[in-house]
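This report looks at cysteine environments and at one pairing of helices. The sequence and the structure are shown first.

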Amino acid sequence: MDADTTAWESSSVARVVPPARPRKLAKVPFVELAEGRLQGVVSSGSDIDRVYVSSIAAAGHGYNCSTNNNRPCGGLGGAPCKHLRALADEAVLQYGIERVARYLRADVDGAASTGADLIAALSGGREPAPAAIVFSRFLRHLTYLELPVTTEPIPELHWFPATGAAR
Amino acid sequence: MLATPLKELLDQAPDGLPEAFAVVGGFDDALVHGLARLGEERAAALSALAGAVAATPLGERAADAAAKAAAGSVTDDDLAVLAGARAALLGAAHDALLDSLDTALGRTRAPLEPAAAAPPAADPFAGARSWLRELAIAGWRGVDHDLVAAAGQTIEALLDEPRLRRQAALLDGLAAELRACCPVAAMPRPPVRRWADLWTRALLFARPGAAPGIGEDVPSVSGRLFVLGVDVHEHATAVQVQAHGVLEPAGGEPPRLVRTSVAAAKVDTIVGPALWRLFGGYPVLLGALAGRHALEVTGLPLLASGDLIWHDDRAVAGEPFDPFAVARIRLAGALAPAVPALDRHPVRIAEPVLAEDYTIERGERPALRLGEARLEFDLDRLPSCGPLTPELVAASTACIGLVRWDAGRWLLQPLAVAATVKRKPVVAHGGEWATGPTDPKVVKAEARSGDAVAVLRERAGRLLRR
């Protein structure tokens, strides 16, 4: 075992998850790698009250896109729609292509760098997906911003130092 | 910080420290593989942990809990006792380390007053305890998506209760790391010490009354607060800004080292300078951080731990000041606070210091050299919400920082630096961007990505209340 491995294992503040990289949230407010899928929510370009729920599964790369009221996306034909393409683009910005490709077990080559490269490396077709669950996860995500600020110290957060890796 | 005592601190580890960490390491290894698969060697590690606290009031219970774990019939209470034994060992390590640091800095620390017995409280933690038990039984190697997802409802319920924010933030941070590493069995090496720390902490605080909150009897103080630097803590769904400073109490009492904190819940896409926008309700505090002026405070509760409970409406902006000058005059004589019993862990050591007249040793791990002493900078702790960079630190000639200890070594976390860049003197502070970034490049990048907080609040307003 080398010294770096030992230091990592014996550090109380070893960095485990790289922080998300900053990106524009207006078009795709929510992206996550969870439940075996790249999934997220894409704002409709025409109706401010409508959002699309888009997802790509790691197993088999099946994809889907529908509104939050479970109506299928009109743009979804034999290929991923513009919402899925936007989801892939923003996921690559937020996590970096390596992490997304690893999660989706997608075989991208070393030159791949964009959401389009990621989509090109996928092999699946259209498949049903639990849009309602993804949408409720997005709503839960938003509720964090509704929680009040506290001025009582949280000593536990000393285990979570802020880092500069986001820059 | 003076060269000779610093050299002594760096050269001489407290007696018994490696032995204590070896015992803790044995327990942590048991958590990697899970209590369901202990085997002889790891069962012996649990006995060794119990043996290490044999002379304490925990002794008999710990021996019993280790035996029951080895027999495969561990209860929640047994786990809590083992967690308590691990915490007690690290508490002793903390005390020894902090004591040698105080000696090196010539710092006087207030004695710890015994805590009042916590009033009986409700127990909303059954779900948390049962999840933590499942984790211990499965071991980190056995953690999969389903086991992580099982914590979801428990964490959601804790988050809904503002008084349980500490427990919620801790469990949420641990669950997010486990989720990102699933399945952990495929990970080359898990962060063994870290996850055992978080598990132990979570279990000890998943009990009624463990974190009773701020009582009525907390004394309040008035006076002048000089913030010397800002420490930022962050995971995907929480951020805490902790300002370290010197309080000159009204009425001429001696100055004290204090901290004051603001913490917000957030989401992973709010990062960098945008973090400050979560604290828009604290304009007086943020203005002082950005503008480097003193704060005149009136009637703020001050905990024995040195935590000043911030109320923005009980503070007004005072005169601008030079933090380096104040640190030079005030840090040496200020009274340091006691560390509450349950917070005694090496990770909590964060002592504000001023270092100057040093030379920089560049390389993979940059350090400052003061006489014979070589103290490494902790450059992983430069937050993205401020202007400090590794380059600035490497060009620095003076530094206000926090002395920390991790993985067997002392480190200096820079909070503010005075440096020479292109032959010109510059000063950079971690809180400089509290009211918005001042670096034109960062302003431009912010404008390009838009206001993340505003976008998500708009979405929340439109979608959540339907």
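Does Cys181(B) count as buried or exposed, and at what relative accessibility? In this predicted model, Cys181(B) counts as buried, at a relative accessibility of 12%. A burial of this kind also applies to Cys73(A), which is buried with a relative accessible area of 6%.

Over all chains, the structure holds zero disulfides. A disulfide requires two cysteine sulfur atoms within 2.5 Å, and the sulfur of Cys73(A) lies 3.9 Å from the closest cysteine sulfur, that of Cys81(A), which is too far for a bond. For Cys181(B), the closest cysteine sulfur belongs to Cys182(B) at 7.8 Å, again too far for a bond.

| Cysteine | Relative accessible area | Closest cysteine sulfur |
|---|---|---|
| Cys73(A) | 6% | Cys81(A), 3.9 Å |
| Cys181(B) | 12% | Cys182(B), 7.8 Å |

The helix pairing lies in chain B, where helix H5 (residues 76-105) packs against helix H10 (residues 192-205) at an angle of about 120 degrees, with the axes 9 Å apart. H5(B) and H10(B) are therefore oblique to each other, and their crossing is left-handed. On the side of H5(B), the contact is made by Leu79(B), Ala80(B), Ala83(B), Gly84(B), Arg86(B), Ala87(B) and Leu90(B), while H10(B) contributes Arg193(B), Ala196(B), Asp197(B), Trp199(B), Thr200(B), Leu203(B) and Leu204(B). Sorted by class, this contact of H5(B) with H10(B) has nine nonpolar, two polar and three charged residues.

Terms used
Residues numbered from 1 in each chain as written. Chains lettered and ligands numbered in written order. Predicted model: local features only at pLDDT ≥ 70, side-chain atom pairs only at ≥ 80, totals over all residues. Heavy atoms only, no water. Axes fitted to C-alpha atoms, helices over the stretch in contact; angles between N-to-C directions. Helix = DSSP H or I, 4+ residues; strand = E, 2+ residues; numbered from the N terminus. Parallel < 35°, antiparallel > 145°, perpendicular 65-115°, else oblique. Left-handed = near helix turned anticlockwise from the far one by under 90°. Contact = heavy atoms within 4.5 Å. Nonpolar A, V, L, I, M, F, W, Y, C, P; charged D, E, K, R; others polar. Buried < 20%, exposed > 50% of the residue type's maximum accessible area, 1.4 Å probe, protein only.
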